[in-house]
Amino acid sequence: MSTALIELESFLQKDQIKTDEESLKYWGKDWTTYFDIKASAIVFPRKTEDVVALVKWARKNKIALVPSGGRTGLSGSAVATQGEVVVSFDQMNKIKDFSPVDQSVVIEPGVVTEALQEFAHSKHLFYPVDFAATGSSQMGGNIATNAGGIKVVRYGLTREWIAGLKVVTGTGDVLELNNGLVKNATGYDLRHLFVGSEGTLGFIVEATIKLAPAPPPMKVLVMAVSGLDAVMKIFAEFKTKTSLVAFEMFSDKALKKVLENTGLPAPLETQSPFYVLAEVETRNEQDEEHALGVFEKCLEEGWVLDGVISQSDVQAATFWRYREDISESLAKYSPYKNDIAVTISKVPPFMEDLDKVLAQAYPTWEVVWFGHIGDGNLHINILRPAGMTKEEFVQECRKVDVMVFDTVKKYKGSISAEHGVGLTKKSFLNYTRSNAEIEIMRGIKKVFDPDNIMNPGKVI
């Protein structure tokens with residue numbers, strides 16, 4: 001390996017290569033905390049030609065490459081555990097060609113999500129894929145995991161906003177996929193194979209991103225609800241009678257942790273086991289009155305016990321904190337996370353079944369629920385009990401994964417809604433995908449990456 005690493009300097013600058021222990025640990029991991037990091041080197045390409053040279057070097061020397069973006073994933077898809085070379089896209093972070101006519105922009109993979117959102121805003125447009133990690137996640141990683149977030153109800157996932165991709169495959173070939181076209185009926189759309197591929201087929205080096213018109217003003221409602229069945233009734237009412245942008249759920253346990261961690265005041269005087277947050281478009285006073293009428297209907301039906309509607313942008317941002325600050329508020333408990341999904345209509349019975357499984361498996365442990373109920377995506381956070389080592393905790397949690405994913409399979413759901421498969425869920429892929437599907441995916445992998453150097457060991 002040392003001879004091969006020296007060879008890197010034949011096509012990269014010295015400041016594009018790091019091998020010190022601190023850098024290996026920093027760039028070799030993602031937000032998962034359960035893996036021993038064993039990277040060999042970190043490299044920082046600055047242009048497509050650098051990536052092509054890296055792939056050809058890796059093929060020649062039979063060295064595995066792991067892509068690294070903002071490293072905010074929770075599946076281990078960006079971790080290096082087997083001596084791989086980590087390819088960080090931190091220095092490929094330019095926002096390039098903008099077309100006001102096409103309402104699209106060409107970007108490099110290292111562009112931070114928030115930077116793209118701010119660029120769109122400066123052009124009086126909108127990039128709508130949004131989540132708590134927008135300040136650190138990178139677009140290449142978002143595309144490679146088909147990131148979702150909080151506005152999927154209205155705007156869909158990352159996939160919907162990818163008009164074109166430039167990629168470097170595991171053979172070192174550069175493919176330009178779809179070229180930003182709206183219509184292109186010329187066979188297989190290979191662009192979509194790379195969305196959600198977690199870097200196992202090749203590396204994204206450029207993306208053409210569609211932008212949306214600037215959104216109208218929004219109102220945010222926080223509501224205490226009577227029970228899980230009521231959550232879906234409220235969702236149906238808002239979905240059919242307002243321009244619903246987001247619909248989130250969190251438990252009283254989640255809210256308690258946020259209040260303790262942030263010092264924010266409770267949103268409501270009424271306490272309940274579950275709360276929902278809804279964001280709706282209000283283009284005019286009529287829209288606002290209509291949203292208020294839907295809220296009052298939910299109160300009259302007894303689905304909502306108490307609620308409040310934002311009266312300013314500042315108040316709306318505060319309401320969002322009750323939901324978006326959950327992960328940060330739980331971090332000190334080293335939670336074991338599961339990111340799962342079922343069809344929207346099945347959420348209440350699914351949650352009830354899963355709650356019974358978890359209560360039986362961990363009767364004394366604290367389990368915190370929250371999620372994007374408007375798209376069927378739930379986040380389970382099992383908090384590590386005081387005095388239990390990380391190793392013991394993970395070992396116990398992995399035992400219950402089988403029961404959790406059995407329940408997911410029963411409801412024909414997904415074991416990973418938006419964080420990918422990576423290492424953490426690879427052994428459970430057959431709970432969501434058939435053997436035939438997995439074999440087809442393996443065949444596709446061999447076509448794009450015949451030497452198995454592109455993020456090997458992940459997904460399949």
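This text walks through two helix pairs of a predicted model, together with two buried residues that sit in loops.

A starting point is the pair formed by helix H8, residues 228-241, and helix H10, residues 285-300. Their axes come within 10 Å and cross at roughly 155 degrees. Angles over 145 degrees count as roughly antiparallel, so H8 and H10 are roughly antiparallel to each other. The crossing of these two helices is right-handed. On the side of H8, the contact is made by Ile234, Glu237, Phe238 and Lys241; on the side of H10, it is made by His290, Ala291, Val294, Phe295, Lys297 and Cys298. Sorted by type, the residues of this contact are six nonpolar, one polar and three charged.

Beyond H8 the chain enters a loop that leads to strand E13 (244-251), and Thr242 is located in this loop. Is Thr242 buried or exposed? Its relative accessibility is 14%, and buried means under 20%, so Thr242 counts as buried. Leaving aside residues up to four places away in sequence, Thr242 touches Val280, Ala291 and Val294. Ala291 and Val294 also belong to the H10 side of the contact with H8. A polar atom of the Thr242 side chain lies 2.6 Å from the backbone oxygen of Phe238, and Phe238 is one of the H8 residues in the helix contact.

From Thr242 the description moves to Val408. The two residues are 166 residues apart in sequence, and their C-alpha atoms are 30 Å apart in space. Val408 is one of the H14 residues in a contact with helix H13.

The axes of H13, residues 347-361, and H14 come within 10 Å and cross at roughly 165 degrees. H13 and H14 are therefore roughly antiparallel to each other. H13 passes H14 in a right-handed crossing. H13 contributes Phe350, Asp353, Leu354, Val357, Leu358 and Ala361 to the contact, while H14 contributes Val400, Met403, Val404, Thr407, Val408 and Lys410. These residues divide into nine nonpolar, one polar and two charged.

The last stop is Ser416, which is in the loop between helix H14 (390-410) and helix H15 (435-448). Ser416 has a relative accessible area of 14% and is buried. What does its side chain reach at 2.5 Å? The partner is the backbone oxygen of Gly420. When residues up to four places away in sequence are not counted, Ser416 touches Asp339, Val421 and Lys425.

Terms used:
Residues are numbered from 1 along each chain as its sequence is written. This is a predicted model: local features need pLDDT of at least 70, side-chain atom pairs count only at pLDDT 80 or more; totals for chains, interfaces and linings use all residues. Side-chain values use heavy atoms; hydrogens and water are left out. Axes are lines fitted to C-alpha atoms, for helices over the stretch in contact, and angles run from 0 to 180 degrees between N-to-C directions. Helices (H or I, at least four residues) and strands (E, at least two) are DSSP runs, numbered from the N terminus. Angles under 35 degrees count as roughly parallel, over 145 as roughly antiparallel, 65 to 115 as roughly perpendicular and the rest as oblique. A crossing is left-handed if the near helix is turned anticlockwise from the far one by less than a right angle, and right-handed if clockwise. Contact means heavy atoms within 4.5 Å. Ala, Val, Leu, Ile, Met, Phe, Trp, Tyr, Cys and Pro count as nonpolar, Asp, Glu, Lys and Arg as charged, and the others, Gly among them, as polar. Buried means under 20% relative accessible area, exposed over 50%, partly exposed in between (1.4 Å probe, protein chains only). A polar contact is a pair of N or O atoms within 3.5 Å; within protein, one must be able to donate a hydrogen and the other to accept it, and residues adjacent in sequence count only if both atoms are side-chain atoms.
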